[in-house]
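The following exercises concern a single protein chain. Each sets a task and then works through the solution step by step.

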Amino acid sequence: MGCAQKQKAPVFNALVIVNMQNDFLEGGKIGIANSKKIIERINKCRKAVKFDQVYLVVESHPEYHRCFASNNPGAKENTLTLNPDNNTFQMVLPDHCIEGTEGADFPDELQVNANEDVVIKIGTHKDYEAYSAFGSIGDDEALMKHLKEKKITRLFICGLPFDYTVGQTALDAKQAKLTPFILIEATKSRAEPSELNMLQRLKEAGIKMISTSDLQKEIPPPKK
């Protein structure tokens, strides 16, 4: 009698949509040029394959936040300021994504399934900005907890901005022994120098960047 073949363990995939909020889109408080173009591409990703879970990662700041320009009199926006609580530097940014404001909301064009999508809030602590979907000091590590519960190991990451939160999410996922992919056509950078720096970091980490048209190769339809 032949030996029975071992069945492969199932692989679970998630779409991680980062910071697709009005304040990050052009016209918003920290709007990124031409970023509305990626909304349709993200919607197409949702339709192209069947993800086991979709995560909507959102910045959800309190009205007082240490990184806000309004709370740093005399400091120029987009410059670094020292956080004395932990001796680290944070970027001074325009007040943005304050919980309960229109700027923190999703754009109407973004496809959202309120019954199935999981919303992950980051940047919730008044003293710390978050540059990863896995959160920062004061956040509750909700994404990692949920990934473990659902046994999800592969993340397909898109959203804003590529050169900060999207890229750092992929790097953190890799460090956590997950398999991240960046959907390169469904993301936008804030600036060219930081984009080039992030591209180099991702290359060194061996993180794969794929076209949205390659999704069906990575997640084939289930066999009937």
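**Exercise 1.** Determine which side chain of opposite charge is nearest to Asp 163, and how Asp 163 stands with regard to burial and salt bridges.

*Solution.* The model is a predicted one. Step one: Asp 163 is buried. Step two: the nearest side chain of opposite charge is that of Arg 190, at 5.6 Å. Step three: a salt bridge requires a side-chain nitrogen of Lys or Arg within 4 Å of a carboxyl oxygen of Asp or Glu. Asp 163 accordingly has no salt bridge, although it is buried.

**Exercise 2.** Locate Asp 163 in the secondary structure, and identify the polar partners of its side chain.

*Solution.* Asp 163 belongs to helix α3, which covers residues 162-175. From its side chain, a polar atom lies 2.9 Å from the backbone nitrogen of Arg 190. The side chain of Ser 194 makes a polar contact of 2.5 Å with that of Asp 163. Arg 190 and Ser 194 also appear in the list of residues that Asp 163 touches, residues up to four places away in sequence being left out. The others in that list are Lys 188, Ser 189, Ala 191, Glu 195 and Met 198.

**Exercise 3.** Establish whether Ser 60 is buried or exposed, and describe its surroundings.

*Solution.* Begin with position: Ser 60 lies in the loop that runs between β2 (53-59) and β3 (80-83). Its relative accessible area is 5%, and therefore Ser 60 is buried. Next, consider the side chain: Ser 60 and Glu 99 are joined through their side chains by a polar contact of 3.3 Å. Finally, apart from neighbours within four places in sequence, Ser 60 is in contact with Cys 97, Glu 99, Lys 121, Ile 122, Gly 123 and Thr 124.

**Exercise 4.** What is the order of helices and strands along the sequence, and how does the radius of gyration compare with that of a compact globule?

*Solution.* The protein contains 5 helices and 8 strands. Read along the sequence, they follow the pattern β-α-β-β-β-β-α-β-α-β-α-β-α. For 224 residues, a compact globule would have a radius of gyration near 17 Å; the protein has 18 Å, which agrees. The C-alpha trace spans about 80 × 35 × 35 Å along its principal axes. As for burial, 47% of the 224 residues count as buried. Of the contacts between residues at least 6 apart in sequence, 74% join residues at least 24 apart. The accessible surface comes to about 12,400 Å², with 50% belonging to carbon and sulfur atoms.

Conventions:
Residues are numbered from 1 along each chain as its sequence is written. This is a predicted model: local features need pLDDT of at least 70, side-chain atom pairs count only at pLDDT 80 or more; totals for chains, interfaces and linings use all residues. Side-chain values use heavy atoms; hydrogens and water are left out. Helices (H or I, at least four residues) and strands (E, at least two) are DSSP runs, numbered from the N terminus. Buried means under 20% relative accessible area, exposed over 50%, partly exposed in between (1.4 Å probe, protein chains only). Lys and Arg count as positive and Asp and Glu as negative; His and the chain ends are not counted. A polar contact is a pair of N or O atoms within 3.5 Å; within protein, one must be able to donate a hydrogen and the other to accept it, and residues adjacent in sequence count only if both atoms are side-chain atoms. Contact means heavy atoms within 4.5 Å. The radius of gyration is taken over C-alpha atoms; the globule rule is 2.2 Å times the number of residues to the power 0.38. Accessible areas come from the Shrake-Rupley method with a 1.4 Å probe; for residues, only the protein chains shown count as cover.
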